[in-house]
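Some terms used for protein models rest on explicit cut-offs. Please go through the structure shown here and explain what makes each term apply.

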Amino acid sequence: MPSLSSKSARLQASPIRKLAPHARAAEARGIKVHYLNIGQPDMPTPPQMLAELRGLPLNRIAYAPSEGLPEAREAWSAFFASWGIRFAPDEILVTTGASEAITFVLAVVAGGGGEVLVFEPCYTNYLSFAAQADVTMVPVTLRVEDAYHFGSEERLRAAIGPRTKGILLCNPSNPTGTVYTEQELDAVARVAVEADLFVICDEVYREFVFDGGAVRSFTRYGDLANRIIVVDSVSKRFNACGVRIGCMATSNREVLDVALRFCQARLSVATAEQRMVIPMLREGRSYSEHLCGEYQGRRDAVYDGLSRLEGVTPHRSEGSFYTMTRLPIDSCERFAVWMLRDFEWQGETVCLAPGEGFYVTRGLGVDEVRIAFMYDAATLERAMTVLAHAVAAYPARRELAAASR
Ligand SMILES: Cc1ncc(COP(=O)(O)O)c(C=O)c1O
């Protein structure tokens, strides 16, 4: 048999999805599983969007233009403007989710052997996007003790090498919920100019900032406009992950020209779905503001639950709809499997995303987990109680393992 490519070996199984067979088996045994592992919003897709889809006068679903339908690009431009961000429609390319946008952007700025700095823990699919684009992700490691902030720009400078082409900044962050401070964004901006780098801004959670904090889009650095490439999506802010509509936006004409060639090669983005998101892009600001309040209440439920756990380092997420936390457990992956296979409390258990898959650096994150806020606050409280019982009952807790060594 011919062997597969070296690129194939770089693609990891999603740490978020790989526990699914164990979860299904638990459900088949009649156990209620609280899914804290996946960022799939539980709330309904806005009725305006569904009504728009039903009302579309479509008798022939043709390819859309590769750059996106003109009215969809205008709607994205209006959406950005509602948050004070200026991108003209012709500075926006509609993509199949932010996922496609990130893959294209990585290929455009660093494809074929370049490097991009990323804060780890990071959105796990970045690693697969980078593998597809033949880009090396160079991590700047953040620690729960620092609330997953990087503080000094020296950390960034130290990671830059001759092949570094950009910094990928996910703000607010999946998986940590970090909202980078003004000083940190200034530091990224300074280093980008100093080292002549692009800044790829993944802002799919832009408006989910808790505790009245300011929404800090990196586009505020107007004098860096030619370096800034924003990727965005309707998935999370409009509870519409399956619609698969996102975009990339930049004022850099060269980047747009090359990215358009990638868009042309994949022909187009789904025509009806581009149309259905237009009303929400035009009027959806208040909708996502409301969601932000809801997620803050959920964050509080998770944080309070984690704070009550003995030996846990809880982290108060500042935005997005995730938190990362360290548990007093030797291997959170083994713990997550054990919870699904061997544990239940009052007929319930919890499915977590083990931390390791969110790190570029092998061996980090083994005692961390990511928790997504995809249930109402009362259900999350209950899930935290189930988790507390699991941590107490787990036979291989860290201190027990240490004592037996
Ligand atoms: C930080 C981040 N970027 C990008 C994506 C991909 O989003 P989309 O559904 O638009 O492809 C996700 C999805 O979870 C994400 O969390």
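The questions and answers below take up the domains, their interface, the ligand and the salt bridges.

Q: How do you know which residues belong to domain 1 and which to domain 2?
A: The model is predicted, and its division follows a domain assignment that gives domain 1 as 6–44 + 286–397 and domain 2 as 47–284. The centres of domain 1 and domain 2, taken over C-alpha atoms, are separated by 25 Å. Contact between them takes 42 residues from domain 1 and 46 residues from domain 2.

Q: What makes up the area buried between domain 1 and domain 2?
A: About 3,600 Å² is buried between the two domains, and carbon and sulfur atoms give 55% of that area. On the side of domain 1, Arg10, Glu318 and Val360 supply 19% of what this domain buries against domain 2, more than any other three residues.

Q: Why is the pair of Asp134 and Arg10 called a salt bridge?
A: The rule asks for a side-chain nitrogen of Lys or Arg within 4 Å of a carboxyl oxygen of Asp or Glu; the closest N and O atoms of Asp134 and Arg10 are 3.8 Å apart, so the pair meets the rule. Between domain 1 and domain 2 the count is 3 salt bridges, while 27 residue pairs are found in polar contact across that interface, both residues being at pLDDT 80 or more.

Q: Which element gives the largest share of the side of domain 1 that touches domain 2?
A: That element is α12, with 9 residues. The residues of this side divide into 18 nonpolar, 15 polar and 9 charged.

Q: What makes the approach of Asp202 to the ligand a polar contact?
A: The cut-off for a pair of N or O atoms is 3.5 Å, and a polar side-chain atom of Asp202 lies 2.6 Å from a nitrogen atom of the ligand, so the pair falls within it. By the same reasoning Asn174 qualifies, because an N or O atom of its side chain is 2.7 Å from an oxygen atom of the ligand. Ser235 likewise places a polar side-chain atom 2.7 Å from a ligand oxygen atom. In total, 14 residues surround the ligand, and the closest are Ala98, Ser99, Asp202, Tyr205 and Ser233.

Q: Why does the salt bridge of Arg326 and Glu145 tie together parts that are apart in sequence?
A: The closest N and O atoms of Arg326 and Glu145 are 2.5 Å apart, which is within the 4 Å limit. Arg326 lies in strand β9, whereas Glu145 lies in the loop between β4 and α7, so the pair ties together parts that are 181 residues apart in sequence.

Key
Residues numbered from 1 in each chain as written. Predicted model: local features only at pLDDT ≥ 70, side-chain atom pairs only at ≥ 80, totals over all residues. Heavy atoms only, no water. Domains from an automatic or database assignment. Contact = heavy atoms within 4.5 Å. Buried area = accessible area lost by both parts, 1.4 Å probe. Polar contact = N/O pair within 3.5 Å; in protein donor to acceptor, adjacent residues only side chain to side chain. Helix = DSSP H or I, 4+ residues; strand = E, 2+ residues; numbered from the N terminus. Nonpolar A, V, L, I, M, F, W, Y, C, P; charged D, E, K, R; others polar. Near = heavy atom within 4 Å.
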